[in-house]
Structure formats: structure tokens, C-alpha cells
Amino acid sequence: MQFSEKWLREWINPALDTEALGHQLTMAGLEVDAIAPVAAAFTGVVVGEVLEVAPHPDADKLRVTRVNAGSETLQIVCGAANVRAGLRVPVATIGAVLPGDFRIKPARLRGVESAGMLCSAAELGMVDKADGLMELPADAPVGASIRDYLQLDDSVIELGITPNRGDCLSLRGLAREAGVLSRLPVQGPAIPAVAPVHQDSLTVTLKAPVACPVYAGRVIRNVNAKAETPLWMAEKLRRGGVRPISPVVDVTNYVLLELGQPMHAFDLARLSGGIVVRLAEEGELLELLDGQTVKLRADTLVIADADKALAMAGIMGGQGSSVGDDTCDIFLESAFFAPLSLASRARSYGLHTDSSHRFERGVDFAGQAEALERATALVLDICGGEPGPVTLAVSRAHLPDRAPITLREARIAQVLGITLPASEIEDILGRLGLAVAAVEGGWRVTPPSWRFDISIEVDLIEELARIHGYDNFPKRVPQAALRLTPQSETRPAEARIKRLLVDQGYQEAITMSFVEPGLLARFDPETTPLALANPISADLSVMRTTLWAGLVKALQYNQNRQQARVRLFETGLRFVPGPEGLVQERMLAGVACGSLLPELWANSKKPIDFFDIKGNIESLIALVNASARVGFKAAQHPALHPGQTAEIVTEERHLGWMGRLHPRLESELGLSGPVYLFEISLERLPGGCLPLARELSRFPEVRRDIAVLADRALPAAGLLAAAREAAGVELRDCRLFDVYEGQGVAEGRRSLAIGLAWQHPERTLQEEEVQARVDAVLELLKARYGVTLRD
């Protein structure tokens, strides 16, 4: 939303300069994004009248003009195509300084003296580009300063209006806010009712009163559609960010900026019968003002006549009923459309207009007749015409409800931390246009018709804080009774898990919860994801069932930018449809590729492999003290390499997956492999045992190494678990330290070397005791897995 500062000061003129006014609006919640002059700095430019135009004797594209500049008549050489006798234009006289420090001096152009310059709007710094001279009205005072005549000592203030403050998308709304903040009355233009001079009218039928409970219209005959929009209106529109088009359209846009009420004008001759506000028929076609033809859906509200749709209600008019140069009679409309009925409708057709922007946020549902009267008066002043009576159709049962809100004095003090006098509270709410009635312990407050953002008590308290002024709140150190948050000893915080992965060389990534359906199907083809009803784009149209889709996309992005070594992890929700509804589960996932160690002269260039990733996961499991309860077993996953895939389980319950990305997917996604992935459910991750302190043994540790021959397909984790089971309570360490296949070992079998270490807390273990434990381990391994001791 942008507006002219001078236009605002016509409504209310606080004793503040431009910067102070901008600060005041910002602190009230209407953030000022930019303040810019309406024209660049220049001097010495006056209104001139072209008296004569003659050809240049030595240049086909130049003209020699005689110009009345008020105090003197000047000869000026000009090359603009639109220069002509009788035209009034800006004239830069000798000594003038134009934007860019361009000084006007006497000159000879192809042998002809030129004593000045005829200017375009671009040369005055008012617009970026212009096709010819700036044409001024025929009654522009010759010799007057152009800055004074066009009121160019003005600023354009641009605001970032939040979606809840649709009431401030107009000069009236901004003036109302500035008046409350400055404690000054608002002096808007008088809007008397225009008396009809004939009784011609159109019937209005509201077939969709929920979406359109108010519709006002008026017939105006014998308008001059070729009239010229007055300069004062064109300039206000330009400074409000609206391009002047034609007088009737400019009037509707002017009322839009001034009162915040979108309007539309129809060519009466192109209408058949009365006006019908209805929902579109499925597939109904409508050619819009921008030239495109849209196929309407059945949930789209339209303005129609007896035969056809005329306009998309609250969004854009139709080309077939638009006002043109040959229009003689018009029908002006002013309506209220419910915000929820128009929400996202324009975007669903790829449109966004000034009208839809306001209707989606809510316009004053009591201001349609007033806006129609204002537009009628402006049309009559500019284009002439004969107005008919106002037709007003209202479905009061479907108007927005304005239920009273109870505001408690004690609640104000509790929320704001200060006590406001009752007189100030009533004054603020009253100046905001709210109806206030005192009750025991507080007030009963009814919001006005233009405020759609006030519905509960805290909304009123926010208004009090805004208008009282955030700068006026005392500075206090907050005080509160705080409790230490209990920290689990069996499960570290998620932040600690993240720090562990960062310590291992990973970087945290945050990817979208919405993913492309085809990409997600590559990683989880067996699950049908939840499709979004209104996706941002086709590439983000389903909810992820695995975090791998987003992480691999991030890996692909990095590899395309010459990042060969990548380690990424993410924590977030996955969304899995189930028989009882959507299941949201918090997951930890990671992706890694490239060398094991960063590039350095002393580091090996060994690529990362399956066991490196498995070691990262084991470190994480050890962090939660659950190593004894979590294991890995060979499995199959559609997105992972069939020979390098492991399911992570805890007590036979699925916990997650890890493995190498399937080579087929690596190729299809254009990835430089090998790429390794893991994903673990943080919610199913078991809590560990409470850490217990124990005295360090003063007695020596005894270690024995055994090498056993086992089937190649036998998981080593099973052997280690059995060894721990049989080794006794004094066992301190059990680890696999070597794997051998080759000469001396039968085909299909392999040698596994296991290190076992014992230590007694109170005495030295004897050789016989140690050997007995070794024998027990070998006996259990042989009985359970059929292994033999290697010679």
C-alpha cells in the first residue's frame, strides 16, 4: 500500500514532519517500508504554452517552436513527436537545473538557437520512462512553477500492511489511524447523497447471500466516456501506484484508494436484464479485462445478467461488459463479498488484483452505498451524466456478526503489566470507532463494521497497547518464578544428538515437509503419501513419508556445485497415512558421500563405506546408552543396495534403516556415488540404563583371543552376543578385531577373530578360571552356530 503524503494531510494534518509521521505509523503496527519523493529535485521549470511549431531547416526530426513561458517568449528546438501549437507543457528555462545536475544553457541545435527545453515526465524524474512531452491541462497557468502547480514537493509513503489490517488499505483508514494516534479529528470529503434525475434501475438478485450479502448499484445515463481525467486525480492515482486509464475507471480506482471500497462499472448497453449475484456454472467461460479467457469452477462467485457471467466477483471484470470510448450509459456497482468466500480464489486462477487483495482481508460492509454516492458525484463532475436511484440489495441474516466483547480491567493490567486509567481506555476505544459501554469490572465493546481483526479480549488489549504507544511503556526487568526443566538421565536431549553428528563431520539441513511425488516414490514406493489440497507447486504437492527425499535433493544440489564430500543430517517429522489417520513421527536421517576424511596432505583419500556410516549410528546409540538393546540385521529396502542394507532394530521392533543408495537411483538422480543413507525413529529409540558409578579394579585385566571358522552368511553380531552371554559377569570387553577369507579357509566360510577381556574387582583371576570361560564361550558358539576353533 502506497499513498501520497499530501493526500493524507488533506484528511488529517498532524504537526509532524514526514519522518516523524512514518515513525508514528510504524510504531502503531503499520510498518513504513519506504519514503520517496514523488519527483526528483529540479529548479527553473515553469508551465509554458506552445504558440507556434515550424520545421527545422536542417533536421527532419526536429521542430522549432515559440513558447510562452509567462514572463517571456522563447524559441526552443524540440524533437518530441507530440509537440503542437496550443499544447501546455513543462518548460525548463535558461539556468534551470534538471535531475542529475543537468543545467539548461543557451544552445544551437543544427544551426538554430534554442533557449530552453520542453520536458517529459521522465526528464523531471517523475517516471522512469516517457514516450513524449508531458501534456498539461489546457487551463494550466502559464508561467507558474511546475513544482507548485503539480504539488511535487510531496512524498510517497509505502506501508507493509499486515493481512489482518485490511481497514488500513485506504486513505480513510490511514487517516483514521493517524487521527487516533495524534488525537486529532479526521476531515474527510463531504459525501452527500446524489439526487436521481430519472427512475431507471436494474433489479439485483442475491442467489449467493452467504458470499455476497450486500450489493448496491446505480444507472447513470449520458456520460461522456471520452472526457479527460483531471490532473489532480491522475496524480493521486499515480502516487498511489495506480495507472490512469479512462475517466470512469479512474473514478472507481480513486474511490478504491480513498475509501477502500472496490467498485466496477459496466456498459449498460451490454447488459441483458437485471443483475444476478450467483455461483458460476462448472466450466462456464468468461473473458477477463486482461484478455485471458478462464474456465470457471462451480465454487467461484460471479456477477451475471440474465444471459451470462459478467465478472468474477471481487476479482476482475469481464471484457464483454467493460466501459469503452463509445459507452454512453453505465451501471456502477459497489458490493461486499465475504472474505472466506474469496480467500485464495484469485490465486487459484493465477490472479491477484487490488480488489481481491482488499476483499480477502475484509472491507467495510456498511460502506457500499456511501462509496456509490462518492463515485457518482465524481463521475458527474468529470463525465457529466444523469444518475438514477440507488438499488441496494441486503441479506441482513448473512452480514458479519459483531458480537460484543467483554474487556476486563484486571486482564488489561495482567497482560500489559501497567494500569491504564479508565478514561484513557474509553477514549482510545471510542476514537477507534468501537462502541463502549461500562459494566462491572470492565467494559462491553462492540467492534465497528470495518474491523475484521477484533473478535476476542486480547485483540482489544492489543489496540490499547498500540495507541498508548509502545515507547511509553516503562522499562522493567521481567520477573517470574522459574523451574528447572527436568533432564532425563537415560535419554539425552535432541540437541546433544545433533552435536554428536556435528562432531562427526555432519552439517544440519532443514528441508521442506512437502516433496515431489515422483521423487518420494523412488524412496518409499509402498506408501501412498498425503496429497496437499492447495500445493505451492507441483514439485511440492505431497507430504514426505521419509526424510530421505529432501536430503538427497540437497545432496544433488551440492554435488551440482562441485561439492564432492557431503555429510548432511536432519531431524523432523514424517507423515504416514494409517488406518487411524495421519501418523506424524519424529525422525533422524542422514546422507553421506565422498571421502572419509577431509582433503589434507596427511589424510587418506579412502572413500566412505557402509561400516563408517554404521559406526556413526553406533556412536549415536552409545550416546543414549542403548548399545545392548539395539542391533543391525541384513534386510532389503527398495531404495537401498540389495547387498549393503541393514535394518536397525530394538528388541525385534523396527527402529530404522541404513545402507547404500541403490545404484539405479544414483544413476537416475545423477549422483556421484556411492551415497549412504540412514533414518532412525527418535520416538522409538529406547532409553538406556541409568549410569552407575563403580570402583576401578586394582587387579590386572586378562585377555584371550580366539579365531573361529563360521559360515560366511552368519552375522558377526550374533557371535558377539553369544560370546558375551557365556563369558561371565567379569567380562569387560568383547570385540571383533579381524575377519579373514582366503587361503587356508574353506570356500563359503570365514575366520572371525574375537578379543575377550576379563577383570575381577576384588582379586586376580587364575588361569584355570579364564580358560574355563574361554571354553564356555567356544562351547556355546559351536552349539548355537556350528563354528569351529581355527588352528
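This report describes the fold of one chain and then a few of its sheets, strands and residues.

**Overall form**

The model is predicted. Its chain has 20 helices and 38 strands. The radius of gyration is 40 Å, well over the 28 Å that the globule rule gives for 791 residues, so the chain is more spread out than a compact globule. Taken along the principal axes, the box filled by the C-alpha atoms is roughly 125 × 85 × 60 Å.

Of the 791 residues, 48% count as buried. The chain exposes about 39,200 Å², and carbon and sulfur atoms supply 51% of that area. Among contacts with a separation of 6 or more, 69% are between residues 24 or more positions apart.

**Two open sheets**

One open sheet has 7 strands, in the order β26-β29-β30-β34-β33-β32-β31, and its pairing is mixed. β26 (507-508) and β31 (630-634) are the edge strands, each pairing on one side only. Within this sheet's order, β30 stands next to β34. These two strands, residues 581-593 and residues 675-681, run antiparallel and are joined by 7 bridges. M587 has S681 in β34 as its bridge partner.

Another open sheet has 5 strands, ordered β12-β15-β18-β19-β20, again with mixed pairing. Here the edge strands are β12 (204-206) and β20 (316-317), and each of them pairs on one side only. β20 pairs with β19 (residues 309-312) in the antiparallel sense, over 2 bridges. In that pair, M312 stands opposite M316 in β20.

**Strand pairs**

Strands β4 (residues 59-68) and β5 (residues 73-78) are antiparallel and pair over 6 bridges. They form a hairpin with 4 residues between them. G70, in the turn, has a positive phi of about 100 degrees. Along the paired strands, V64 stands opposite V77 in β5.

Strand β23 (residues 405-408) has two unlike faces: I405 and L407 are on the covered face, while T406 and R408 are on the uncovered one. β23 runs antiparallel to β25 (residues 442-446), and 4 bridges join the two. I405, one of the residues on the covered face, stands opposite V445 in β25.

The table lists the antiparallel pairs described above.

| Strand pair | Bridges | Residues opposite each other |
|---|---|---|
| β30 and β34 | 7 bridges | M587 and S681 |
| β4 and β5 | 6 bridges | V64 and V77 |
| β23 and β25 | 4 bridges | I405 and V445 |
| β19 and β20 | 2 bridges | M312 and M316 |

**Two loop residues**

S541 is found in the loop between α15 (517-523) and β28 (542-543). Its relative accessible area is 14%, so S541 is buried, the limit being under 20%. Leaving aside neighbours within four places in sequence, S541 is in contact with V515, P517, L530, A531, L532 and P535. A polar atom of the S541 side chain also lies 3.2 Å from the backbone oxygen of A538.

D364 lies in another loop, between α9 (354-361) and α10 (368-383). Not counting residues up to four places away in sequence, D364 touches Q261, S449 and W450. With S449 there is a polar contact between the two side chains, at 2.5 Å. By contrast, the C-alpha atoms of D364 and L484 are separated by 50 Å, and these residues are 120 apart along the chain.

**Cysteines**

How many disulfides does the structure hold? The number is 0. For C328, the closest cysteine sulfur is in C383, 12 Å away, which is too far for a bond because a disulfide requires the sulfur atoms to be within 2.5 Å. C328 counts as partly exposed, at 35% relative accessibility. C168, with a relative accessible area of 0%, is buried.

Methods. Residues numbered from 1 in each chain as written. Predicted model: local features only at pLDDT ≥ 70, side-chain atom pairs only at ≥ 80, totals over all residues. Heavy atoms only, no water. Buried < 20%, exposed > 50% of the residue type's maximum accessible area, 1.4 Å probe, protein only. Polar contact = N/O pair within 3.5 Å; in protein donor to acceptor, adjacent residues only side chain to side chain. Contact = heavy atoms within 4.5 Å. Rg over C-alpha atoms; globule rule 2.2 N^0.38 Å. Areas by Shrake-Rupley, 256 points an atom, 1.4 Å probe, with all protein chains shown as cover. Pairing = 2+ DSSP bridges.
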